[in-house]
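Here is an informal walk through one chain, going from its strands to its helices and then to a couple of single residues. Have the structure open while you read.

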Amino acid sequence: MGLYVEARIRAGIGEVWDRSQVPQQHQRWDLRFGEIDYLPCAPGEPQRFRYATRVLPGLTVDGTGISAGERNRPDGTRTSALRFASAHPLSLIAEGRGYWRYVPDGEALRFLTGYDYRPRWGRFGRVVDRFLFRPLMGWATAWSFDRLRLWCERGITPERSLRQALAELFVRVAAVVATAALAPVAPVATLSVLAATVPAVAAAALLLPPLPTTPAARRCLRHPPERAAARGRSTAPTALLATLEQP
């Protein structure tokens, strides 16, 4: 799979499963989706769904998918596999597939995902995807996973954590802007000091870790741990993926 994200969450597997599988709860914490709705399907069939993301005010990109889950595996883990596609001309993602795994690990849970997709728009789309869109998707997935972790571990709702993240971002940007604004009115003798201070404040605003109650993508793994790699590619539920037809 092209993208991998893993979060370690101190919560029960049932709680994390519900908050990631029930559409009304999933769309609250996942930055990648504004809407997720289940579509009608016959009993026993894989679940079809519709997803949508608002990219600009008044502009929404949507798509459809199909998913299947295994809740009672012999090893105590749970797995959900999905395929997805979008016919929207402004969607860079043409089609893709992925999986989520829920792995109990002592008093915590390893909640992980791997997914990949085929971009559209030809060569231009592949360049945009490689250097901009794919890194952004990886960051958004990791940030969202940590947002879910805070909800499960600390009871910080996704709405509250988003407000806190925006407030912290505002404070960091304001500190850099305020420091830079002093330069035009500062005495000549202090200009050299400000010239060194502004980059230092900017570096601190960029590099200092977020508050413990603010979501942060850096807290998640972005590559499979060595113990998983040593077992080969068993983390990807290929058999479950094979049961899904293209949406």
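## Strands first

Let's start with one pair of residues: Thr53 stands opposite Val61 in β4. Keep in mind throughout that this is a predicted model. The strands around that pair are β3 (residues 47-56) and β4 (residues 59-70), which run antiparallel to each other and share nine bridges. Together β3 and β4 make a hairpin with two residues between them. If you look into that turn, you'll find Gly58 with a positive phi of about 85 degrees.

β4 also pairs with β5 (residues 78-85), again in the antiparallel sense, this time over seven bridges. A handy landmark there is Gly69, which sits opposite Ser80 in β5. Further along the chain, β6 (residues 93-105) and β7 (residues 108-119) are antiparallel too, with 12 bridges between them. In that pair, Tyr102 has Phe111 of β7 as its bridge partner.

Here are the three pairs side by side:

| Strand pair | Sense | Bridges | Facing residues |
|---|---|---|---|
| β3 (residues 47-56) and β4 (residues 59-70) | antiparallel | nine bridges | Thr53 and Val61 |
| β4 and β5 (residues 78-85) | antiparallel | seven bridges | Gly69 and Ser80 |
| β6 (residues 93-105) and β7 (residues 108-119) | antiparallel | 12 bridges | Tyr102 and Phe111 |

## The sheet as a whole

In which order do the seven strands lie in the sheet? They follow β1-β7-β6-β5-β4-β3-β2, in an open sheet with antiparallel pairing. The edges are β1 (3-9) and β2 (35-38), each of which pairs on one side only. From one strand to the next, the twist averages 20 degrees.

Now compare that with the order along the chain. There are seven helices and seven strands, and from the N terminus they run β-α-α-β-β-β-β-β-β-α-α-α-α-α. The chain has 247 residues, and 42% of them are buried. Of the contacts with a separation of 6 or more, 60% join residues 24 or more positions apart.

## Helices on the sheet

Two helices are worth following across the strands. α1 lies across β1, β2, β4, β5, β6 and β7, and runs at about 165 degrees to β6. α3 lies across β1, β6 and β7, running at about 160 degrees to β7.

How do α1 and α3 meet each other? Helix α1 (residues 13-21) packs on helix α3 (residues 122-154) at an angle of about 135 degrees, and their axes are 11 Å apart. That angle is why α1 and α3 count as oblique to each other, and their crossing is right-handed. On the α1 side the contact uses Glu15, Val16 and Arg19, while α3 brings Leu148, Trp151 and Cys152. Sorted by class, the residues of this contact are four nonpolar, no polar and two charged.

α3 has another partner in α4 (residues 158-181). The axes of α3 and α4 come within 9 Å and cross at roughly 120 degrees, so these two helices are oblique as well. The crossing of α3 with α4 is right-handed. From α3, the contact takes in Trp143, Arg147 and Trp151, and from α4 it takes in Pro158, Glu159, Ser161, Leu162 and Ala165. The class count here is five nonpolar, one polar and two charged residues. Trp151 is worth clicking on: this residue of α3 takes part in the contact with α1 and in the contact with α4.

## Two residues to look at

Is Thr214 buried or exposed? Its relative accessibility is 3%, and because buried means under 20%, Thr214 counts as buried. Thr214 is in the loop between α5 (188-207) and α6 (226-230). Neighbours within four places in sequence aside, Thr214 is in contact with Asp146, Leu150, Gln164, Ala165, Glu168 and Arg219. One of these, Ala165, also belongs to the α4 side of the contact with α3.

Val55 takes us back to strand β3. With a relative accessible area of 46%, Val55 is partly exposed. Pick Arg32 along with Val55 and you have two residues 23 apart in sequence, with 9.9 Å from C-alpha to C-alpha.

Technical notes: Residues numbered from 1 in each chain as written. Predicted model: local features only at pLDDT ≥ 70, side-chain atom pairs only at ≥ 80, totals over all residues. Heavy atoms only, no water. Helix = DSSP H or I, 4+ residues; strand = E, 2+ residues; numbered from the N terminus. Buried < 20%, exposed > 50% of the residue type's maximum accessible area, 1.4 Å probe, protein only. Contact = heavy atoms within 4.5 Å. Axes fitted to C-alpha atoms, helices over the stretch in contact; angles between N-to-C directions. Parallel < 35°, antiparallel > 145°, perpendicular 65-115°, else oblique. Left-handed = near helix turned anticlockwise from the far one by under 90°. Nonpolar A, V, L, I, M, F, W, Y, C, P; charged D, E, K, R; others polar. Pairing = 2+ DSSP bridges.
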